[in-house]
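Subject: Structure for your review

Dear colleague,

Please find below the structure I promised to pass on, with the sequence beside it. My notes on what was found follow directly after it.

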Amino acid sequence: MRLNRGQDVKNSILKFVKENDMSAAVMISSVGSLSKVCFRLPVQEGKKIEVFTLEEEMEIISINGRVSANGHAHLHISICDRKGCVFGGHLLDGCIVRTTLEIVILDLEDKRFITEVDDETGFDELVIKKVLD
């Protein structure tokens, strides 16, 4: 898929996957730039969730993770600023394309991604199911 200036990255990925009925999609490649980035920093024990937002010209180093047509997504983004400093976290709504963004998504047609609460972690965790014919 290709995104253009002003488009929201996460919303566009979710829309594309849903429109193409992908039940188990993984990010293979991403090349582009952002004018605004918004991601969640790693959760640290006993601390509240922190969101990082920055508005400046940035290059995307990678977007990786998985998404399914039912809207379940676990995506990470790495970006670099003008000085080459790289940082990233969980991709959130609000990452806006600066010029263009090319994303290659692989559809694992014989699989289905779902999430279930893991008793050990307390988080919704990935469960991969085989699609039955």
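Asp21 is exposed, because its relative accessible area of 61% lies over the 50% that the term requires. Please keep in mind, here and throughout, that the model is predicted, and that the values I give were computed from it. The backbone of Asp21 deserves a look as well, since this residue, although not a glycine, has a positive phi of about 50°. Asp21 belongs to the loop between helix H1 and strand E2, the latter covering residues 25-40.

Met22 is found in that loop between H1 and E2 too, but with a relative accessible area of 8% Met22 counts as buried. In space, the C-alpha atom of Met22 is 5.2 Å from that of Ala69, although 47 residues separate the two in sequence.

A second contact of this kind involves Gly94, which sits in the loop between E6 and E7. Gly94 is buried, its relative accessible area being 16% and therefore under the 20% limit. Its partner is Asp8: the two residues are 86 apart along the chain, whereas their C-alpha atoms are separated by 6.0 Å.

Turning to charged side chains, the general idea is that those of opposite charge can pair when their charged atoms come close. A search of the whole structure gives five salt bridges, and I describe some of them here.

One of them joins the side chains of Lys15 and Glu19, with an N to O distance of 3.9 Å. Both residues lie in helix H1, which spans residues 9-19, and because they are four residues apart there, about one helical turn separates them. As for their surroundings, Lys15 is exposed, and Glu19 is exposed as well.

Another salt bridge brings together the side chains of Glu57 and Arg82, at 2.8 Å from N to O. This pair links distant parts of the chain, 25 residues apart, since Glu57 is in the loop between strand E3 (51-54) and strand E4 (58-67), while Arg82 is in the loop between E5 and E6. Glu57 counts as partly exposed, at 36% relative accessibility, whereas Arg82, with a relative accessible area of 66%, is exposed.

Which further residue forms a salt bridge with Glu57? It is Arg98, and the closest N and O atoms of this pair are 3.8 Å apart. Here too distant parts of the chain are linked, as Arg98 lies in strand E7, 41 residues away from Glu57 in its loop between E3 and E4. Arg98 has a relative accessible area of 23% and is therefore partly exposed. Through shared partners, these salt bridges join Glu57, Arg82 and Arg98 into one network.

On the nonpolar side, Ile28, Val104 and Leu106 form a patch on the surface, and together they have about 250 Å² of accessible area. Leu106 is part of strand E7, which runs over residues 96-107, and this residue counts as partly exposed because its relative accessibility is 39%.

The remaining topic is open space, which may interest you for your own calculations. As a general point, rolling a probe the size of a water molecule over the atoms shows where empty space is left. The largest pocket in this model has a volume of about 370 Å³. Its lining consists of 15 residues, of which Arg40, Ala73, His74, His90 and Asp124 are the closest to the centre of the pocket. By class, this lining is made up of six nonpolar, four polar and five charged residues. At least two lining residues each come from strand E5 (73-80), strand E6 (86-91) and strand E9 (124-130), and E5 gives the largest share, with three residues.

Asp124, one of the residues closest to the pocket centre, is located in strand E9. With a relative accessible area of 49%, Asp124 is partly exposed, because a value over 50% would be needed to call it exposed. Between Asp124 and Asn11 there are 20 Å from C-alpha to C-alpha, for a separation of 113 residues in sequence.

With best regards

Notes. Residues are numbered from 1 along each chain as its sequence is written. This is a predicted model: local features need pLDDT of at least 70, side-chain atom pairs count only at pLDDT 80 or more; totals for chains, interfaces and linings use all residues. Side-chain values use heavy atoms; hydrogens and water are left out. On a 1 Å grid over the protein atoms alone, a cavity is a set of points where a 1.4 Å probe fits but cannot get out, and a pocket is an open set with protein on both sides within 12 Å along at least five of seven lines; lining residues have an atom within 4 Å of a point. Grid points are joined across faces, edges and corners, and a volume is the space filled by probe spheres set on the points. Ala, Val, Leu, Ile, Met, Phe, Trp, Tyr, Cys and Pro count as nonpolar, Asp, Glu, Lys and Arg as charged, and the others, Gly among them, as polar. Patches are made of residues with over 30% relative accessible area and no salt bridge: like charges are joined within 9 Å, nonpolar side chains (Val, Leu, Ile, Met, Phe, Trp, Tyr) within 5 Å. Accessible areas come from the Shrake-Rupley method with a 1.4 Å probe; for residues, only the protein chains shown count as cover. A salt bridge is a side-chain nitrogen of Lys or Arg within 4 Å of a carboxyl oxygen of Asp or Glu. Buried means under 20% relative accessible area, exposed over 50%, partly exposed in between (1.4 Å probe, protein chains only).
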